[in-house]
Amino acid sequence: MKALKYICLSLVALVVVSCHDREYVEPEYSSTKVYFSEDNESSKVIGLTEDTVYVTLVRSGNTANALQVPVKLGGTQGIFSGASTVTFKENEAEAEYAIAISDKMVPFTNYKVQVTVDEAYTAPYTYEDGDLVPMIDLTILREDYVPFAEGVYVTEFFGASWDDVLEYSPMLDQYRFSEWIAGYPLTFKWDRSTETNPGQVLVMSDKYTTGYSHPTYGMVSAVTTDKDSEFLFLKGGYTDGSDVFYFGFKWTVSAGSFGINPDYFIVTSYLDEE
């Protein structure tokens with residue numbers, strides 16, 4: 001697995017309470033404390049046919065008896081719904097809360113919902129200016145990306161390569177590496193109808209954020225170079241014979257450029273031939 005893609009794993013960190021730069025005071029917990037598992041992800045991506053997402057709650061203290069805990073689902077927008085309680089079974093410390101999703105959810109639109117535990121069943125997180133009841137903020141996104149090709153992604157600038165999957169969205173007519181360098185996506189359109197010499201045109205964005213922060217110069221971006229160049233490594237493109245996608249990038253920071261170093265993706269198998 002590529003090491004670089006995990007540089008920004010903090011992007012999927014659990015959001016339990018709102019961000020506060022205030023001194024935390026350790027609370028005095030009651031015998032039963034219900035809270036959200038650290039394994040929950042704050043962002044959930046679902047397919048077109050999926051209709052439910054789940055969050056996991058945990059209880060501490062005595063777990064011998066079953067326990068029904070009131071919860072509140074906020075931000076429903078007429079699209080999301082859920083029960084008013086979550087039930088812990090006998091001798092079980094974890095329980096799942098299901099959020100149902102209607103077919104009114106618009107694809108490629110971020111929706112935010114919140115699940116809050118009733119104050120009577122948890123110990124609030126105590127700060128210097130008051131208590132905050134544990135809650136989880138979720139961002140839910142519906143999309144239609146499907147695997148298109150498997151292969152090896154190579155980046156000369158970072159001196160790394162890894163196995164990767166190129167995805168395709170029929171709705172957007174767009175291709176994507178979902179976690180490119182450091183958790184950020186690389187998306188592009190592939191104009192198969194336009195024959196060029198020596199390859200076919202990739203319609204790229206002007207600039208991509210990599211998610212990698214240089215220790216001296218800060219965030220590194222990949223800027224597309226000469227789209228009109230005759231050289232594939234400068235403009236980006238695809239060659240039928242070799243099954244290779246080329247991405248012409250100039251790697252930049254706020255202070256300037258590191259120069260041009262192309263990325264490329266070598267296809268080993270196509271998963272969804274059109």
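Which residue in strand 23 does Thr-252 stand opposite? Thr-252's partner there is Ser-257. Keep in mind that what you're looking at is a predicted model. Let's start with the whole protein and then come back to that spot.

**The big picture**

The protein has 274 residues, and 41% of them count as buried. Its secondary structure is made up of 24 strands and one helix. Now take the contacts between residues with a separation of 6 or more: 59% of them come from residues 24 or more positions apart. As for the outside, the accessible surface is about 14,400 Å², and carbon and sulfur atoms make up 48% of that.

**Zooming in on strand 22**

Strand 22 covers residues 249–253 and is mostly covered, with four of its five residues buried. It has pairing partners to look at, strand 19 (residues 218–224) and strand 23 (residues 256–260). Here's how the two pairings line up:

| Pairing | Direction | Bridges | Residues standing opposite |
|---|---|---|---|
| Strand 19 and strand 22 | antiparallel | four bridges | Thr-224 and Phe-249 |
| Strand 22 and strand 23 | antiparallel | four bridges | Thr-252 and Ser-257 |

How do you get from strand 22 to strand 23? A hairpin does the job, joining them through two residues. Try tracing that turn in the structure, then find Thr-252 and look across to Ser-257 in strand 23. Over on the strand 19 pairing, look for Phe-249 of strand 22, which sits opposite Thr-224.

One handy thing to know while you look: in a regular strand, side chains alternate between the two faces of the sheet.

Key:
Residues numbered from 1 in each chain as written. Predicted model: local features only at pLDDT ≥ 70, side-chain atom pairs only at ≥ 80, totals over all residues. Heavy atoms only, no water. Buried < 20%, exposed > 50% of the residue type's maximum accessible area, 1.4 Å probe, protein only. Contact = heavy atoms within 4.5 Å. Areas by Shrake-Rupley, 256 points an atom, 1.4 Å probe, with all protein chains shown as cover. Pairing = 2+ DSSP bridges.
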